[in-house]
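Biologist: Please take a close look at one part of this model for me, namely the ring contacts, and then follow them outward into whatever surrounds them. I would like the cut-offs stated as you go.

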Amino acid sequence: TVSANGEQKVQQFDIKKAAKKFGITDPQLQGQVTTATATARRYEMERAIVKYKVTRGSQQGTMAKAFDMYGEYERRELRMGNQTSIALTTGGGSYALNKNKKTAQRTQDANLNFLDFSTPLMKKLNLQKKGTAKVLGKDCTIYAGSNVEYYVWQGIVMKKVQKENNGTTVIHEVTSIEVPTSIDAKMFKMPEGYTVK
């Protein structure tokens, strides 16, 4: 809320209390919540498991990404040699996990949304449409930035080509997409004993 003199006050918003105050019934409220959730989608598919091959210079690796609720929940595991890195997006917050230190560092991954270019990260990237191309038989739109290209289908990055500062090119390219009827919710939970930074 903002007062007449411009003073701002931030407090938790209780949807049910507000609905009661304005005489909105539960069925109406449920419809509003569904609509709001739909506008925050990161992918056009509700859930999927996407696998990538990853090339960084002469190194080869793999990445597996699982998401649910149109990207509200996501888990990525990148394996390069004997190194494994895990990233989680849970309910809008994104974290890079460090197994050795048992820490979860906040990241901006949840703001990477090719269905909504108004997010802070998308604005910062200032991507421009460059054309179209097929990846794994899917018609992708190419979005290009200063040192990166994203090949996107239904919000999913099917291929990413990025030039690092040292001149090394890193390529992520989809090898398979699976659309299961459900994904175990445990995949998206923060492991116990981790400190969030």
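Modeller: Phe-114, Phe-117, Tyr-143 and Tyr-150 are linked by ring pairs into a cluster, where a pair means rings of Phe, Tyr or Trp (its six-membered ring) with centres within 6.5 Å, called stacked if the planes are under 30 degrees apart, edge-to-face if over 60 and tilted otherwise. This is a predicted model, in which local features need pLDDT of at least 70 and side-chain atom pairs count only at pLDDT 80 or more, while totals for chains, interfaces and linings use all residues. Residues are numbered from 1 along each chain as its sequence is written, and side-chain values use heavy atoms, with hydrogens and water left out.

Six aromatic pairs are found in the structure. One of them joins Tyr-43 and Phe-67, which are stacked at 4.0 Å centre to centre with 25 degrees between the planes. This pair links distant parts of the chain, 24 residues apart, with Tyr-43 in the loop between helix 2 (26-39) and strand 1 and Phe-67 in strand 2; helices (H or I, at least four residues) and strands (E, at least two) are DSSP runs numbered from the N terminus. Both Tyr-43 and Phe-67 are buried, on a scale where buried means under 20% relative accessible area, exposed over 50% and partly exposed in between, with a 1.4 Å probe and protein chains only. A further pair, Tyr-73 with Phe-188, has ring centres 6.2 Å apart and planes at 45 degrees, so it counts as tilted. Because Tyr-73 lies in strand 3 and Phe-188 in the loop between strand 11 and strand 12, this pair ties together parts that are 115 residues apart in sequence. Tyr-73 is partly exposed at 30% relative accessible area, whereas Phe-188 is buried at 5%.

The strands just named belong to an open sheet of 12 strands with mixed pairing, in the order 7-8-9-10-11-1-2-3-4-5-6-12. Its edges are strand 7 and strand 12 (195-196), each of which pairs on one side only; two strands count as paired if DSSP finds at least two bridges between them. In general, strands of a sheet pair through backbone hydrogen bonds, either parallel or antiparallel. At one edge, strand 7 (residues 128-135) runs antiparallel to strand 8 (residues 138-144) over seven bridges, with Thr-132 opposite Thr-141 of strand 8. These two strands form a hairpin with two residues between them, and Leu-136 in the turn has a positive phi of about 55 degrees. Strand 8 is also paired in the antiparallel sense with strand 9 (residues 148-153), over four bridges, and here Ile-142 has Tyr-151 in strand 9 as its bridge partner. Three residues separate strand 8 from strand 9 in this second hairpin.

Further along the sheet, strand 3 and strand 4 pair in the antiparallel sense over eight bridges, and Arg-76 stands opposite Ala-87 of strand 4. The side chain of Arg-76 also meets that of Glu-74 in a salt bridge of 3.1 Å, N to O, the term covering a side-chain nitrogen of Lys or Arg within 4 Å of a carboxyl oxygen of Asp or Glu. Glu-74 is buried, at 2% relative accessibility. Through shared salt-bridge partners, Arg-42, Glu-74, Arg-76 and Asp-109 form one network. By this rule there are 10 salt bridges, including one of 2.7 Å, N to O, between Glu-164 and Arg-56. That pair ties together parts 108 residues apart in sequence, since Glu-164 lies in the loop between strand 10 and strand 11 and Arg-56 in strand 1.

Arg-76 and Asp-109 lead on to the largest pocket, as they are among the residues nearest its centre, together with Met-63, Lys-160 and His-172, in a lining of 28 residues. A pocket here is an open set of points on a 1 Å grid over the protein atoms alone, with protein on both sides within 12 Å along at least five of seven lines, whereas a cavity is a set where a 1.4 Å probe fits but cannot get out; lining residues have an atom within 4 Å of a point. Strand 3 gives the largest share of this lining, four residues.
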